Amino acid sequence: MANLGPAHYAPYPVATYDGLLTPPEGKAMLLTDMVDEEVAMREVARVMLTSENATIFPGPQVLYAWSEEAKKKATLIKEMSEVLNAKMIPMYDYRPKYPKIDPEVEINPNHPNLTIWHNEIKACIFIGVHCHYANVALKIVRSETDCYTVGMCALSGHEDAMATIRDQHAEDLARFIEIAKEVKQELGK
Amino acid sequence: MSVDIYKINPEFRDIMPKDILDLEDNATWGQEKRTIQDLTDKKELLEEHSLCAGCPEAAALRYVLTALPKPEDTIIVNSTGCTSLMFPHIALHTVHSLFGNQNAVASGIKRALEWRFPDKVKDVMVLAGDGATIDIGLDYTLQSFFRQEKITTICFDNEVYANTGGQESGSTPKGHVFKMAPKGKVFDKVPMWELAVTSGCQYSIKLTASAPKAVARAVREAVYIARELGPTYIHLYTPCILEIGLSASEGLWEMKEQDKDRFVSFKYVSPEAEALLKERKKEGLL
């Protein structure tokens, strides 16, 4: 039986009910606290490096080469996965899939818990997923799994993620990679 | 929308499933000469759907999608009904409007796109059932024809409000009995294809979805005319096999029967549209 998250099968948006809002500009959110971006980056790197089956879920905004920024981010995310020793499972299509997805190779925003349960993922980063689908997926993951979720968002972040870092563009990802390398060295990983 | 949106970043090719990699090489995006022959092996627009097994509407929607000249620059406005259950599965820009409002919404979208992208061709298509087109949305449908909006309207006519339990619609033939219309329809079926002509449509056609090529041809003709001249209308019979008591394999048979009866071919093309179609044919687009 899969482990449920702290919200269990709550029928309401738990993070919002708990008074959590997305972080203001220049800040990031760690669980219930607003912290400096660098503090959040260090913690995210630590969680990813120390959790079982840490995985990055790249979404369509970075999977496809539709802009120069997307191409740059793709290179950086690949590097990020290597630094964090994380697997990558793509969220390439938002459409619901019947009878079910193959959780080995994909994650779908309409039932993201299946991929997390199947692969026993304990920490993950959502990146390049359009905000409305990231919100849906993160709510489900928060309710139905015990996975630590990170929303790396190019816009204003996601209150349903355990950690969210906002305004993440290519140069910010490069900075995160450098911080992750330092954390990795500190942890001796 | 850029066709580049389907090019996979090389860094992720190793984690993408084969069928998505195949789409990059074999999809028909950006090819004006897409044809109905693509139906069997091209699945970028619609792979799976959630309608009943054997539903003629599902088949008809596939024919419509394969016929779109520029799917990457097409927006479909739909309304509540069985088709709206399929739209979440379609890789196109679709807008689900309030029931009956679809032609008004499409008019606004078309005008906004013309303003925003004056140098690009953007096709706007309405796809709704008979209840939305002919009953509740009749006002909006006809008003868009009066205003000569450059949109294509497709009515999937199953002659009944199917997914609410079988109430009669304006499109139900006289005398027909349904579960929620036990006394039988008192009035005649509304001849929407004729109303479309008198309301100013440049092109109006009535047919069933029994012949994929005929449906695809009608869609392409209607889209090309709507781009240049004004409103076009396609009235397509897509029976609800459940409501009329047929099995999954009998939908095609029912449509073939109606080819000779209520849906005997009707086609109106305005003289200007006729000339335009000849040009498109010369260009090899039809």
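In what order do the elements of chain A run from the N terminus on? In this predicted model, the elements of chain A follow the order α-β-β-α-β-α-α-β-α-β-α-β-β-α, read from the N terminus, and the views below take up parts of chain A and then of chain B.

**View 1. Chain A as a whole, with seven helices and seven strands.** The C-alpha atoms of chain A occupy a box of roughly 40 × 35 × 35 Å along the principal axes. Chain A has a radius of gyration of 15 Å, which agrees with the value near 16 Å that a compact globule of 189 residues would have. Of the 189 residues of chain A, 46% count as buried, and among the contacts in chain A with a separation of 6 or more, 67% are made by residues 24 or more positions apart.

**View 2. The open sheet of chain A, built from seven strands with mixed pairing.** Across the sheet, the strands of chain A stand in the order E2-E1-E7-E6-E5-E3-E4. Strand E2 (33-36) and strand E4 (87-88) of chain A are at the edges with a single partner strand each, so one side of each is left without a neighbour in the sheet. Helix H2 (residues 37-50) of chain A packs on this sheet, where the helix touches E1, E2, strand E5 (123-127), strand E6 (148-152) and strand E7 (163-165) of chain A. The direction of H2 makes about 130° with that of E7(A). Helix H4 (residues 68-83) of chain A, in turn, lies across strand E3 (55-58), E4 and E5 of chain A, and runs at about 165° to E3(A).

**View 3. Strand E1 of chain A and the strands with which it pairs, E2(A) and E7(A).** Strand E1 (residues 27-30) of chain A pairs with E2(A) in the antiparallel sense over four bridges, and in this pairing A:Lys27 stands opposite A:Asp36 of E2(A). The hairpin of E1(A) and E2(A) has two residues between the strands, and A:Leu31 in this hairpin takes a positive phi near 50°. The pairing of E1(A) with E7(A) is likewise in the antiparallel sense, over three bridges, with A:Met29 opposite A:Thr164 in E7(A).

**View 4. The contact between chain A and chain B.** How many residues of chain B are in contact with chain A? The contact involves 17 residues of chain B and 21 residues of chain A. On the side of chain B that touches chain A, nine residues are nonpolar, four are polar and four are charged. As for the confidence of the prediction, the model scores ipTM 0.91 and pTM 0.79, while chain B averages a pLDDT of 92, with 98% of the residues scoring at least 70.

**View 5. Strand E6 of chain B, a mostly covered strand.** In strand E6 (residues 232-237) of chain B, six of the six residues are buried, and both faces of the strand are covered. One side carries the buried residues B:Thr232, B:Ile234 and B:Leu236, and the other side carries B:Tyr233, B:His235 and B:Tyr237, which are buried as well. Strand E4 (residues 152-157) of chain B pairs with E6(B) in the parallel sense over six bridges, and here B:Phe156 has B:Leu236 as its bridge partner in E6(B). Strand E5 (residues 203-208) of chain B also pairs with E6(B) in the parallel sense over six bridges, and B:Ile234 of E6(B) is the bridge partner of B:Ile205.

**View 6. The packing of helix H4 on helix H6 in chain B.** Helix H4 (residues 102-116) and helix H6 (residues 138-146) of chain B pack at an angle of about 35°, and their axes are 7 Å apart. From H4(B), the residues B:Asn103, B:Ala104 and B:Ser107 make the contact, and from H6(B), B:Tyr140, B:Thr141 and B:Ser144 do so. By class, the residues of this contact of H4(B) with H6(B) divide into two nonpolar and four polar, with no charged residue.

**View 7. B:Asp19 in helix H1 of chain B.** Is B:Asp19, which is found in helix H1 (residues 18-26) of chain B, buried or exposed? B:Asp19 counts as exposed, because it has 10 C-beta neighbours inside 10 Å. Between the C-alpha atoms of B:Asp19 and B:Gly230, which are 211 residues apart along the chain, the separation is 39 Å.

Notes:
Residues are numbered from 1 along each chain as its sequence is written. Chains are lettered from A and ligands numbered from 1 in the order in which they are written. This is a predicted model: local features need pLDDT of at least 70, side-chain atom pairs count only at pLDDT 80 or more; totals for chains, interfaces and linings use all residues. The radius of gyration is taken over C-alpha atoms; the globule rule is 2.2 Å times the number of residues to the power 0.38. A residue is buried if 20 or more other C-beta atoms lie within 10 Å of its own, exposed if 12 or fewer, and partly exposed in between; C-beta atoms are placed from the backbone. Two residues are in contact if their C-beta atoms, placed from the backbone, lie within 7 Å. pLDDT is the predictor's confidence in each residue, from 0 to 100. Ala, Val, Leu, Ile, Met, Phe, Trp, Tyr, Cys and Pro count as nonpolar, Asp, Glu, Lys and Arg as charged, and the others, Gly among them, as polar. Two strands pair if DSSP finds at least two bridges between them. Axes are lines fitted to C-alpha atoms, for helices over the stretch in contact, and angles run from 0 to 180 degrees between N-to-C directions.
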